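Good morning, and thank you for the time on the agenda. I shall show the structure and then go through its chains, the contacts between them and some details of the backbone.

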Amino acid sequence: MNAVLTITGKEIRDGLRNRWVLATALLLATLALSLGLLGSSPTGAVKVDPLTVTVVSLSSLSIFLVPLIAMLLAYDAIVGEIDRGTLALLLSYPVSRWQVIVGKFLGHLAILALATTAGYGFAGLALQWLHGGANPAAWRPFALLIVASVLLGASFLAIGYLISTLVRERATAAGIAIAVWLFFVVIYDMALLGLLAADQGRSVTPAVLDTLLLLNPSDIYRLMNLTGFENISMYAGMAGVGSQASLGLATLALAQLLWIAIPFVLAAACFQRKSL
Amino acid sequence: MTALQVALSGASKHYGQHQALGPVDLELRAGECVALAGHNGAGKSTLIKLVLGLIRPTHGRVQLLGHDADSRQAARLRHNIGYLPETVALHPAMTGAETLDFYARLKRQPLARNAALLERVGIADAAQRRVGGYSKGMRQRLALAQALLGRPRILLLDEPTTGLDPASRLMFYDLVRELRDAGATVLISTHALAEIANHVDRVIVMTHGHKIADGTLAQLRQTIGVPLRIKLTLSHPVPAGTLPAPWQQVSPARFERACPEAAKVEAVRGIGAIGLPIADIDIHTPSLDEIYAHLLERKTP
């Protein structure tokens with residue numbers, strides 16, 4: 001366990017030193033703030049808290065950004081260390097392969113969580129302060145947004161790790177990572193929409209739709225944010241989907257955890273057999 | 001005979017159709033310093049990776065301290081190993097001291113000894129500076145320090161003197177000698193055999209994945225039989241053909257001949273019988289590079 005923590009600690013320090021965390025947090029905070037400020041004009045009419053509006057617009061943005069950040073962190077994790085010769089050195093120490101991959105993953109997850117929490121948290125605080133008067137009710141969806149974003153990031157980290165253990169070249173890993181990202185955040189939903197329009201509800205029953213949505217971590221994320229709270233789903237116009245979908249927050253969270261666990265376990269198993 | 005630390009028996013490694021190594025038999029004992037020489041791609045790094053258990057042999061066995069190198073038992077003994085990879089990218093944003101602390105924690109070594117180790121490899125002054133600002137030689141010294149953590153029983157050094165200046169090289173060989181005298185097994189891979197020859201007890205030469213020589217320098221010289229060259233300078237010029245073959249006249253007053261090691265004494269005696277005024281005699285024993293080139297030439301298919 002000690003070795004895992006040592007490796008996790010090093011990853012976190014690397015992330016802080018090379019300003020990964022700072023850059024990502026700043027990017028997320030800037031986006032959250034600008035969305036919060038730009039989106040605040042309609043709030044007077046619908047009586048929705050500015051933080052609530054921000055959650056809606058932010059989740060639409062995070063769905064692209066957080067997986068991309070996670071992929072950028074992860075694609076290089078194993079194949080890059082092999083390339084630089086650091087992995088052979090690391091494994092010449094009394095450290096097992098699973099300790100290496102778990103340690104690195106936890107470190108990257110901590111970096112992602114830190115950047116997301118700091119970036120969105122700072123923006124949330126600033127928005128509350130600007131609009132005066134803290135509304136505790138509005139903080140819950142915002143906190144959920146942060147947690148859901150970290151979970152989304154973790155699932156793409158795990159997928160990125162799997163890619164990084166399967167390939168032999170860094171460039172290949174980068175290419176596949178981008179393709180997978182594009183598939184899940186753009187192509188999948190477009191294809192699903194096309195399917196729904198063509199099918200006209202004949203074979204794609206709500207249950208089938210639920211399953212199809214659970215097969216994509218970014219759709220799980222969208223549902224978690226947009227249907228998790230009544231206020232939000234009203235505002236986002238997802239009320240229809242939200243009430244129809246039988247997917248509760250617990251189911252969604254469980255599905256997302258599986259999206260983290262399965263790719264990661266596969267990655268660890270491949271790494272165990274990988275010839276260096 | 002001292003304890004057997006590393007043993008390869010019929011070990012080979014294939015990557016698909018490509019045979020990277022072997023089959024190779026090899027033994028390394030405690031208190032022995034061995035050079036592993038060969039060109040790039042000769043199989044040196046593959047051999048080291050096999051010993052470290054990073055890769056599995058396709059055929060044969062690789063044993064480390066009495067266990068199969070890729071077994072769990074051997075993995076538990078890894079704190080006894082010091083490894084210096086051929087190329088190592090240390091994190092540029094970490095300081096020298098932080099880098100060494102990280103590796104010491106992984107080896108479960110007390111951090112308190114690290115300062116002395118940095119002192120020993122000569123980068124104590126730069127310990128608090130970021131590795132990104134280090135010269136190539138300083139990075140190599142830091143990498144060497146990490147290999148020395150915890151006084152390893154087996155040291156595997158892949159091209160360790162690359163990037164080191166002459167003074168650093170001396171420091172390095174001093175360190176190696178000290179460790180060997182303390183009973184460690186040291187394996188140094190190199191493609192510059194001549195530089196290392198005087199610092200090792202035994203030389204193993206590899207080419208195309210095969211071991212083509214294994215022995216002390218004297219044994220190598222004898223078995224390979226690269227001839228000596230005897231150079232003779234006369235005190236005044238003589239006409240061509242004054243001395244018969246095998247002598248060759250290289251200038252009016254200078255002659256040369258090749259001579260097998262075994263016939264050396266006989267040849268020198270023969271010079272006395274020439275009956276010409278001799279200004280100088282020089283016996284040129286083949287350099288390591290010549291032996292090495294000869295070996296590779298002989299064994300290259």
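Chain B has 10 helices and 14 strands. Please keep in mind throughout that this is a predicted model. Along its principal axes, the C-alpha trace of chain B spans about 75 × 45 × 35 Å. The chain comprises 301 residues, and 38% of them are buried. If we take the contacts in chain B with a separation of 6 or more, residues 24 or more positions apart account for 67% of them.

Let me turn to chain A. Here we find 14 helices and 0 strands, so the pattern read along the sequence is α-α-α-α-α-α-α-α-α-α-α-α-α-α, given that helices and strands are assigned as DSSP runs. Chain A has 276 residues, of which 43% count as buried. For contacts between residues at least 6 apart in its sequence, 82% join residues at least 24 apart.

Next, the contacts between the chains. How many residues of chain B are in contact with chain A? There are 21, and they meet 19 residues of chain A. On the side of chain B that touches chain A, at least two residues each come from α1 (44-52), α2 (72-76), β6 (81-84) and α3 (96-106) of chain B. Of these, α3(B) gives the most, with 3 residues. As for chemical character, that side of chain B divides into 13 nonpolar, 3 polar and 5 charged residues.

I should like to close with the backbone, and with two arginines. The first to consider is R19(A), in the loop between α1 (2-17) and α2 (20-38) of chain A. R19(A) is not a glycine, yet its phi is positive, at about 65 degrees. Is R19(A) buried or exposed? R19(A) counts as exposed, because it has 12 C-beta neighbours inside 10 Å, and the cut-off for an exposed residue is 12 or fewer.

In chain B, please look at the loop between α5 (136-147) and β7 (154-158), where R151(B) is found. R151(B) also has a positive phi, of about 45 degrees, although it is not a glycine. With 14 other C-beta atoms within 10 Å, R151(B) is partly exposed. The reason is that its count falls between the limit for exposed residues, 12 or fewer, and that for buried ones, 20 or more.

That concludes the presentation, and I welcome your comments.

Key. Residues are numbered from 1 along each chain as its sequence is written. Chains are lettered from A and ligands numbered from 1 in the order in which they are written. This is a predicted model: local features need pLDDT of at least 70, side-chain atom pairs count only at pLDDT 80 or more; totals for chains, interfaces and linings use all residues. Helices (H or I, at least four residues) and strands (E, at least two) are DSSP runs, numbered from the N terminus. Two residues are in contact if their C-beta atoms, placed from the backbone, lie within 7 Å. Ala, Val, Leu, Ile, Met, Phe, Trp, Tyr, Cys and Pro count as nonpolar, Asp, Glu, Lys and Arg as charged, and the others, Gly among them, as polar.
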